[in-house]
Amino acid sequence: MLTQRMSLKKVNPEGYKAMMALENYIGTTTIRPNFREMIKIRASQINGCAYCIDMHTEDARKLGESEKRIYALSAWRESLLFNDEEKAILAFTDEVANISTDGVKDETYQNLKKYFDDKSIAEIIMINVTINSWNRIAISTHLLR
C-alpha cells in the first residue's frame, strides 16, 4: 500500500505556488476545456500517474466527456471515437510525454499545425509541460486521493 511521502505544498510552498501559477494559466488558454482534459489524461496514462488519471477523468466527465471516449484514450490511434484534430493533439501529447525517445517529430508538429496556429500550439505545449510536471510531482511524492 502506498503512503504519501510528503506534501510538496507544505514542504516547498514557493515551488507549489509556481506550479499552481502554471495550472491557473492553462485554465485561461484558448484550448477547449475538453481538449485540455484529454491532454492531461493521456499524458498521465503514459506517465503512470494514477492520481492525475483519477482527477482528470473526473474533470472530463464534468465537462460532458463520455465514458467510452475516456476509456478509449489509451488506444486512441485505433479508435474511431476521435476526430483528426483530436488525434493530432493526442499524437503530440504522446511524443511530448515520451520526449526522451524521439523528441517531437516534424510530421507530428506539422499535422498539429493543420488545426492550430502558433499561439494555440504554444498553449498546447504549456498544457503538456504542466501535466507532465504534475505527474512527476504526484508520482515522486506518492500523492494520494
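## A salt bridge between helix 2 and helix 3

Let's start with a pair of charged side chains: lysine 40 and glutamate 23 meet in a salt bridge, with N and O 2.9 Å apart. Lysine 40 belongs to helix 3 (residues 33–47) and glutamate 23 to helix 2 (residues 13–26), so this pair ties together parts that lie 17 residues apart in sequence. Please keep in mind that the model is predicted.

How buried or exposed is lysine 40? Its relative accessible area is 5%, so lysine 40 is buried. As a general point, side chains of opposite charge can pair when their charged atoms come close.

## Salt bridges that reach helix 6

The pair above is one of 12 salt bridges found in a search of the whole structure. Another one joins arginine 42 and aspartate 94, whose closest N and O atoms are 2.8 Å apart. Here arginine 42 sits in helix 3 and aspartate 94 in helix 6 (residues 84–97), so the bridge ties together parts that are 52 residues apart in sequence. Both arginine 42 and aspartate 94 are buried.

Helix 6 also takes part in a salt bridge between glutamate 95 and lysine 105, where the N to O distance is 3.7 Å. Glutamate 95 lies in helix 6, while lysine 105 is in the loop between helix 7 (99–102) and helix 8 (106–113), so this pair links parts 10 residues apart in sequence. The two partners have their own accessibility values: glutamate 95, at 9% relative accessibility, counts as buried, whereas lysine 105, at 41%, counts as partly exposed. Returning to lysine 40, salt bridges with shared partners join Glu23, Glu37 and Lys40 into one network.

## Two cysteines without a disulfide

How many disulfides does a search of the whole structure find? The search finds zero. Cysteine 49 and cysteine 52 are a nice pair to inspect here. For cysteine 49, the closest cysteine sulfur is that of cysteine 52, at 3.4 Å, which is too far for a bond. Seen from cysteine 52, the closest cysteine sulfur is in cysteine 49, again at 3.4 Å and too far for a bond. The cut-off behind this reasoning is 2.5 Å between the sulfur atoms.

Are these cysteines buried or exposed? Cysteine 49 has a relative accessibility of 1%, so it counts as buried. Cysteine 52 has a relative accessibility of 3%, so it counts as buried too.

## Glycine 48 in the loop

Glycine 48 is found in the loop between helix 3 and helix 4. With 52% relative accessibility, glycine 48 counts as exposed. If you would like a distance to check on screen, glycine 48 and valine 96 are 15 Å apart from C-alpha to C-alpha, with their positions 48 residues apart in sequence.

## Where helix 4 crosses helix 9

Helix 4 (residues 50–62) and helix 9 (residues 118–141) have axes that come within 8 Å and cross at roughly 130°. That angle makes helix 4 oblique to helix 9. Which residues make the contact? From helix 4 they are Tyr51, Cys52 and His56, and from helix 9 they are Ile131, Trp134, Asn135 and Ala138. By residue class, the contact of helix 4 with helix 9 has five nonpolar residues, two polar ones and no charged ones.

Cysteine 52 thus turns up in two parts of this report: it is among the helix 4 residues that contact helix 9, and its sulfur is 3.4 Å from that of cysteine 49.

Methods:
Residues numbered from 1 in each chain as written. Predicted model: local features only at pLDDT ≥ 70, side-chain atom pairs only at ≥ 80, totals over all residues. Heavy atoms only, no water. Axes fitted to C-alpha atoms, helices over the stretch in contact; angles between N-to-C directions. Parallel < 35°, antiparallel > 145°, perpendicular 65-115°, else oblique. Contact = heavy atoms within 4.5 Å. Nonpolar A, V, L, I, M, F, W, Y, C, P; charged D, E, K, R; others polar. Buried < 20%, exposed > 50% of the residue type's maximum accessible area, 1.4 Å probe, protein only. Salt bridge = Lys/Arg side-chain N within 4 Å of Asp/Glu carboxyl O.
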